[in-house]
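User: Hey, I've just opened this one and don't know my way around yet. Can you walk me through it?

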Amino acid sequence: MTDDEKEAASFRKMEKKATHRAMQKELDATRRAAAEQRLNGAAESSVIAEKKTGYEWFRNIGSPKFVVAPMVDQSDLGYRMLCREYGAQLVYTQMFNAGMFAEQEQYRVKEFVTCSGDRPLIVQFAGHDPALILKAAKFVEKDCDAVDINLGCPQGIAKRGRYGAFLMEELDLLSEIVSLLAANLSVPVTCKTRIYKGPDGWERTVKLAETLVNAGASMLTIHGRTREEKGHHVTAADWQTLRRLKEHFKGRVPIVCNGGIFDMGDVEECLRITQCDAVMSSEGVLENPGLFSRNIHLQTGHYANQVRLTEEYLDMAAKYPPWHMKTVRSHVQKMLYRYCVKHQALRDLINENVSTEELRVCTEYVRTVQQRDREKVKGDSHSNSVFAGTTTSQAASSEAVNDHVDEKYMETWYHRHWPAGSNPHAREFGAGCTPQAAAEKNKQILIQEEEILATRLEGEEDGLLGGLFSCEY
Ligand SMILES: Cc1cc2nc3c(=O)[nH]c(=O)nc-3n(C[C@H](O)[C@H](O)[C@H](O)COP(=O)(O)O)c2cc1C
């Protein structure tokens, strides 16, 4: 490097530092002003006053009922767009580390990718430094509908980094973060957190939620489990507490409930029990991106099973490639989990094939297996009364049912942690439900879904029916 180049580099460095210091100063001043306002009893700053209330904003984005959760490494743009095609009405990004997002352009560029159809969108941040979270949020406020603070992550990394669920007791700090963002962003600030249980669980849950709402949060998403209820300690989500919370905040801010959603039946039951404004799914919709529309594509009306969804995801991933290939592979693993359980060869294929294009071989494999199974069913059907006397399309429809209800493929990723004889995600089976009983229930649900589909298609052209049932699906 020549002397001139060295001097220029050092000048750029100084300039960057000075800009950063100036920005920091500005943010500190805003932060102090917001804190002062709060101390003076002015709960809402003038900027908040000009903003829409939580419900006005919520209505403005279409009063979404079906929400896709923020998911680290899994909320890539391609996946978000696929979920939208199947009924998701509000989607989050994964949580971004606020410090890195605020400071590192490379991190921002590689992690936050969006497009015009990617709305309504909430961008989530994790962190504890109010100024840094605000700085990070400023970069995305024009590309999203709200900014969310992660107050629910229970992982060790969140404890070490002082964010997520480990901020649940730091009420003053939370108040500072939320009010600073609410006062300085052009979009609302929302929070996603958990509940407390135990003798004073309700009081602590309400105090936390009140703190967030009083500081200016426009919407709360509450995961109906405690910080300790993770991994193998997961229990049924507490929908009763969510219902009480909804009643408590009635008319003040929208409440989104989270936890315990495997299928559309759960969604309906959860909304009925909790009366919440919307329901958020994470693991359920991760395995089945078609969850919110019962696997019916909103625009074309086609039904997509796990294999077709995987293929459509791979198309999306090719269009909107995520930064890490492990993201794509991980989606494929979850969507095809039920086949992976039975086929070591498929697991190998997922591990061996690295690119989006190469991963298509996995769905080809499953289709081959399905074809073989169908041929076996057809062979058996000659002596099977199920097919006797039916029309061709009815028989084809029965085939599709057979395809979906095949008990060999009932072990879902969602239920992978169920210890034998218990059901942590139960909505109606209660404690003591066995995986076998759940599989039976799943089978019934799938049969019902097929019936719904058949009703929808009644009277429609044979060509469409043929297209749906006779070939690969
Ligand atoms: C793969 C994965 C990644 C997650 N990442 C986040 C995250 O970035 N931010 C967050 O608030 N929660 C995260 N969560 C938690 C979910 O958003 C959700 O609260 C939790 O899984 C409970 O919902 P469920 O019962 O529908 O799975 C993640 C969950 C999963 C399975």
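User: Let's start with helix H11, residues 239-248. Which of its residues are buried?
Analyst: In H11 those are Trp239, Thr241, Leu242, Leu245 and Lys246. They sit on the same side of the helix, because they cover an arc of only 155 degrees around its axis. Keep in mind that this is a predicted model.

User: OK, and which exposed residues does the face turned away from the buried side carry?
Analyst: Gln240 and Glu247 are the exposed residues on that face of H11.

User: What covers the buried residues of H11?
Analyst: The cover includes two helices, H10 (201-215) and H12 (264-274), along with strands S6 (219-223) and S7 (255-258).

User: Zooming out, how many helices and strands are there in the protein?
Analyst: The protein has 21 helices and 8 strands. It is 473 residues long, and 44% of those are buried. As for contacts between residues at least 6 apart in sequence, 69% of them join residues at least 24 apart.

User: Now the ligand. Which residues come nearest?
Analyst: There are 21 residues around the ligand, and Ala69, Met71, Met95, Ser282 and Glu283 come nearest. Two elements give two or more residues to that shell: strand S2 (90-97) and helix H13 (283-287).

User: How does the shell divide into nonpolar, polar and charged?
Analyst: The split is 7 nonpolar, 12 polar and 2 charged residues.

User: Back to S2, then. How many of its residues are buried?
Analyst: S2 is mostly covered, with 8 of its 8 residues buried.

User: And in which sense does S2 pair with S1 and S3?
Analyst: In the parallel sense with strand S1 (residues 66-68), over 2 bridges. Val68 has Val91 in S2 as its bridge partner. The pairing of S2 with strand S3 (residues 121-126) is parallel too, over 5 bridges. There, Phe96 stands opposite Phe125 in S3.

User: Last thing: what's the mean pLDDT?
Analyst: The mean pLDDT of the protein is 82, and 71% of the residues reach 70 or more. Over residues 34-49 the pLDDT is below 50, and that stretch has 18 contacts in the model beyond near neighbours in sequence. Residues 453-473 are also below 50, with 20 such contacts.

User: So what should I do with those parts?
Analyst: Where pLDDT is low, the predicted coordinates should not be read in detail.

Terms used:
Residues numbered from 1 in each chain as written. Predicted model: local features only at pLDDT ≥ 70, side-chain atom pairs only at ≥ 80, totals over all residues. Near = placed C-beta within 6 Å. Helix = DSSP H or I, 4+ residues; strand = E, 2+ residues; numbered from the N terminus. Nonpolar A, V, L, I, M, F, W, Y, C, P; charged D, E, K, R; others polar. Buried ≥ 20, exposed ≤ 12 C-beta atoms within 10 Å, placed from the backbone. Contact = placed C-beta atoms within 7 Å. Arc of directions from axis to C-beta. Pairing = 2+ DSSP bridges. pLDDT = per-residue confidence, 0-100.
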